[in-house]
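User: I'm new to this structure and would love a close look at one part of it. Could you walk me through the aromatic ring pairs?

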Amino acid sequence: MSSTFCLEDVERFRRAIADRIGLSFEDSKVGFLEEVLHRRLGSTGRDCDSYLRLLEGARIPAELGALADELTVPETYFFRNIDQFRAFAERVVPERVKSRASLRELSVLSAGCASGEEPYTVAIILREILQPGWTASVLGVDLNPSALLKARSGRFSRWSLRETPPDAEQRWFKGDARDIVLDDSIRASVKFEQHNLVDDDPDLWGHQKYDVVFCRNVIMYLTNEGAINLVSRIARALAPDGFLFLGHAETLRGLSQDFELCHTHRTFYYQRKAESGRSVPNQTGAVAPADGFSTALIALVDGTDTWVDAIRAATDRVQQLVEHLPPPAATPGEHRAAPARSGWSLGRALELLRKEQFAEALGLVEALPSEAARDPDVLLLQAVLLTHSGLLLRAEETCRRLLEIDGLNAGSHYVLALCSEGIGDLEGAADHDRMAAYLDPRFAMPRLHLGLLGRRAHDREGMRRELSHAITLLEHEDSSRLLLFGGGFTREALIALCRAEMLVNGDSR
Ligand SMILES: C[S@@+](CC[C@H](N)C(=O)[O-])C[C@H]1O[C@@H](n2cnc3c(N)ncnc32)[C@H](O)[C@@H]1O
């Protein structure tokens with residue numbers, strides 16, 4: 001620790017960074033922040049208090065830019081996550097071209113563009129696919145001035161082209177093994193500006209200004225509040241039905257209800273809803289399931305055609321076992337089972353679900369006041385109960401209603417996967433599982449289901465990959481979610497099931 005500041009100063013520095021740039025740093029990064037603070041005090045020649053007051057004060061783009069250079073990861077390359085660019089070229093642009101037929105102009109923002117490879121990739125694709133007579137405006141913005149300087153230069157290392165298709169490289173780049181120069185006309189077609197994405201800058205975030213926004217690998221570094229505010233500005237600045245691309249490990253779940261999830265070209269992205277959505281709903285909570293359930297149910301799973309059949313076939317035996325177990329202890333999940341905001345309790349219905357008394361549980365849920373039909377927690381529980389009762393068409397209808405309210409509800413996609421499998425649509429089932437797993441990377445059941453679907457399709461590698469992922473997730477899966485989606489199986493039974501399936505198919509993990 002430098003003699004010029006103390007731990008409280010570093011804490012103050014961390015808060016100022018979160019407020020002014022939106023960046024979030026965990027406790028494990030405090031040492032790194034100390035080093036940066038030390039360097040900034042050296043460069044600005046200020047003492048710590050005066051420097052922190054500067055940071056907390058009025059607009060100081062130069063200092064924030066210098067900090068961004070120190071604190072952010074400028075990693076990027078041309079055609080990064082190429083499936084998203086395929087979706088952009090083959091679905092997004094054709095749709096936006098139809099919407100803008102009278103204007104004949106498309107506008108794309110790359111928010112957090114780093115050294116420019118992303119907006120330049122957009123410009124290359126638009127040049128290749130737009131008909132003559134159309135114009136494209138591509139704007140790249142970032143807070144980091146040295147990244148923008150590199151972007152404007154149009155000169156890159158060969159490493160930046162590591163995912164670039166050879167024909168695009170031949171058409172749009174010149175140079176030798178070390179230094180690559182981008183075609184001048186592409187370079188001139190992209191505008192770069194320094195902006196802080198945390199600021200509500202009216203020029204940058206004009207109403208319905210963009211057809212498409214790329215904001216990839218940015219929100220993952222932001223505070224929750226910073227991410228929510230940024231996404232809300234993006235929603236405002238996108239045309240109705242405009243598109244948003246995030247990084248492949250980022251989702252809008254918990255951040256916004258203004259978008260629909262799109263899943264094409266083996267990738268995910270979002271389309272702005274024509275009307276703004278409602279506030280983000282809570283997750284459904286539940287009581288903990290009983291433990292100690294026998295792994296003998298694995299045999300039962302193997303004796304049925306589909307996972308949804310296995311869940312239903314498990315019912316009688318789960319019932320017998322549950323009756324001999326003591327009631328579960330109350331968990332924090334129980335409180336979430338009775339959401340105060342809606343004024344009705346789902347606790348009793350969840351208890352009946354635990355006991356596999358589906359008809360009674362369904363009766364309770366359907367007897368709730370009519371406003372309950374718009375509560376995502378109620379709809380999800382109802383869909384699960386309908387699935388358990390074998391009423392797949394009604395379960396599907398309920399999920400669709402739920403997705404109209406909360407388009408990013410991972411549980412709803414998982415139940416839709418079961419419904420699709422139930423009617424023999426295995427591809428549809430896998431698609432919904434993938435959407436559920438993407439929306440909530442910690443959700444174990446879609447991975448398990450994808451593994452079982454892989455086994456049915458004789459895809460041994462896919463089966464092995466998904467089941468082993470499911471085992472890792474199941475070890476930490478929330479007990480309330482296991483009750484809701486686990487089909488009556490305990491955590492141990494589900495893990496044992498995954499292991500047994502892998503063993504039978506030649507993997508001994
Ligand atoms: C990992 S790069 C992403 C580059 C590109 N979008 C991609 O996915 O390849 C993240 C960029 O976000 C920028 N950034 C982070 N916070 C920002 C803020 N508050 N305002 C503007 N840019 C920011 C960083 O400077 C960095 O260049």
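Analyst:
**A close look at the aromatic pairs**

Tyr 270 and Tyr 438 are both buried. This is a predicted model, and in it these two tyrosines form a tilted aromatic pair, with 6.4 Å from centre to centre and 45° between the planes. Tyr 270 belongs to strand 10 (residues 267-272) and Tyr 438 to helix 19 (residues 426-439), so their pairing ties together parts that lie 168 residues apart in sequence.

It helps to keep in mind how such contacts are described: a pair of aromatic rings is given by the distance of the centres and the angle of the planes.

Let's widen the view. The count comes to 19 aromatic pairs. Take Phe 214 and Phe 245: their ring centres are 4.7 Å apart and their planes meet at 10°, so this pair is stacked. Here, too, distant parts of the chain are linked, with Phe 214 in strand 7 (residues 210-215) and Phe 245 in strand 8 (residues 238-246), 31 residues apart. If you look for these two phenylalanines in the model, you will find both Phe 214 and Phe 245 buried.

Phe 214 and Phe 245 also belong to a cluster joined by ring pairs. Alongside them, the cluster holds Phe 79, Phe 85, Phe 88, Phe 243 and Tyr 269.

So you have two pairs to look for on screen: the tilted one of Tyr 270 and Tyr 438, and the stacked one of Phe 214 and Phe 245.

Terms used:
Residues are numbered from 1 along each chain as its sequence is written. This is a predicted model: local features need pLDDT of at least 70, side-chain atom pairs count only at pLDDT 80 or more; totals for chains, interfaces and linings use all residues. Side-chain values use heavy atoms; hydrogens and water are left out. Rings of Phe, Tyr and Trp (its six-membered ring) pair if their centres lie within 6.5 Å; planes under 30 degrees apart count as stacked, over 60 as edge-to-face and the rest as tilted. Helices (H or I, at least four residues) and strands (E, at least two) are DSSP runs, numbered from the N terminus. Buried means under 20% relative accessible area, exposed over 50%, partly exposed in between (1.4 Å probe, protein chains only).
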